[in-house]
Amino acid sequence: MATPPPPTMEGGPPQPPGTDMTGICFRDQLWLNTFPLDRNLVFDYFALSPFYDWTCNNEQLRMRSVHPLDLSQLSKMTGTEYMLSEVMEPHLFVIRKQKRDSPDKVTPMLAYYILDGSIYQAPQLCNVFAARIGRALYYIQKAFTTAASKLEKIGYAGSVDSENETASVESKSVKEIIDVKEVKRVDHLLASLQRKLPPAPPPPPFPEGYIPPPTAENEKGTETQEASESQAPSVDPIIDQGPAKRMKF
């Protein structure tokens, strides 16, 4: 059975297997419309993608008309091979590329996953950590830059406010000094005018029969007078009149 030539992707020649191909995706809609995507045919579909290494042990099994994922046959071989590690038919299939040194010793190399008919290369863990750390550092640096700019604005506003407060305090103190001087000046003018003017004439007398309205002092005086009148005399009006005055004939 002749080995078919490796497939090519539109837009350029196929890349050598094992390189970083996380930025590309493969999908053959014609094959998906013709065959069902299950665990028996998923490797044939994967072999159409540029991720497939035609020098692997699975390809040798295909050439011998043996199922390419037969573990009993792969364990007897050494070299690069593909293994179906996770299956969630018909949506998700995970294929692991590994190097077999003995029936019991394998070294994982890369991983690929088929999601709803589209094939992707899974990124390595170190690349994932590097990307996440780089993104976190970017946002941390952006946060510090934003905070620094806001602190600069707050500091500038604070300095402006302090300058405004100092200026307002100085203006208030100057205004208070000016107000005191003005008050003293007005008092001096009023005193000089009072000295120049003649004394005020006495008030005119009240007309006859005028009864002034009662005031607090008048009420106090009236109460005092009533209290003195209401007190009993201390002497007897008959006995203490002195010697009797008799009429002389």
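Which residue in β2 is the bridge partner of methionine 88? Select methionine 88 in this predicted model, and the partner to display beside it is leucine 92.

**The sheet**

Next, colour β1 (79–88) and β2 (92–102). These two strands form a hairpin with 3 residues between them, and their antiparallel pairing extends over 9 bridges. Further along this pair, select methionine 83, which stands opposite arginine 96 in β2.

Add strand β3, residues 105–115. β2 and β3 also form a hairpin, here with 2 residues between them, and 10 bridges join these antiparallel strands. Lysine 99 is a residue to select at this point, with threonine 107 in β3 as its bridge partner.

Then bring in β4 (118–121). β3 and β4 are antiparallel and pair over 4 bridges. Show isoleucine 114 to find isoleucine 119 of β4 opposite.

With the four strands on display, the whole sheet may be read: it is open, its order is β1-β2-β3-β4, and the pairing is antiparallel. β1 and β4 are the edge strands, each pairing on one side only. From one strand to the next the twist averages 30 degrees.

**The nonpolar core**

In soluble globular proteins, nonpolar side chains tend to be buried together. The largest nonpolar core in this model has 22 residues. Select Leu37, Tyr45, Phe46, Tyr82 and Ile114, the residues with the most contacts inside this core. Elements giving two or more residues to the core are α1 (29–34), α2, β1, β2 and β3. The largest share is that of α2, with 4 residues.

Centre the view on tyrosine 45 and display its surroundings. Beyond its neighbours within four places in sequence, tyrosine 45 is in contact with Phe26, Arg27, Asp28, Trp31, Leu32, Leu37, Ile114, Gly117 and Ile119. Two of these, Ile114 and Ile119, were displayed earlier as the residues standing opposite each other at β4.

**The aromatic rings**

A pair of aromatic rings is described by the distance of the centres and the angle of the planes. With ring centres required to lie within 6.5 Å, the model contains 15 aromatic pairs. Select phenylalanine 46 and tyrosine 52: their ring centres are 6.2 Å apart and their planes stand at 90 degrees, so the pair is edge-to-face. Both phenylalanine 46 and tyrosine 52 are buried.

Move to phenylalanine 51 and tyrosine 112. This aromatic pair is tilted, with 5.4 Å from centre to centre and 50 degrees between the planes. Phenylalanine 51 belongs to the loop between α2 (42–46) and α3 (57–63), whereas tyrosine 112 belongs to β3, so the pair ties together parts that are 61 residues apart in sequence. Phenylalanine 51 and tyrosine 112 are both buried.

Now display Phe43, Phe46, Phe51, Tyr52, Trp54, Tyr82 and Tyr112 together, since ring pairs link these residues into a cluster. Phe46 and Tyr82 will be recognised from the core, where they are among the residues with the most contacts.

**The cysteines**

Finally, select cysteine 56 and cysteine 126. Is each of these residues buried or partly exposed? Cysteine 56 is buried, with a relative accessible area of 1%. Cysteine 126 is partly exposed, and its relative accessible area is 47%. A disulfide is a covalent bond between the sulfur atoms of two cysteines; the structure holds 0 disulfides.

Methods: Residues numbered from 1 in each chain as written. Predicted model: local features only at pLDDT ≥ 70, side-chain atom pairs only at ≥ 80, totals over all residues. Heavy atoms only, no water. Phe/Tyr/Trp six-rings, centres within 6.5 Å; stacked < 30°, edge-to-face > 60°. Buried < 20%, exposed > 50% of the residue type's maximum accessible area, 1.4 Å probe, protein only. Core = buried A, V, L, I, M, F, W, Y, C linked by side-chain atoms within 4.5 Å. Contact = heavy atoms within 4.5 Å. Pairing = 2+ DSSP bridges. Disulfide = S-S within 2.5 Å. Axes fitted to C-alpha atoms, helices over the stretch in contact; angles between N-to-C directions.
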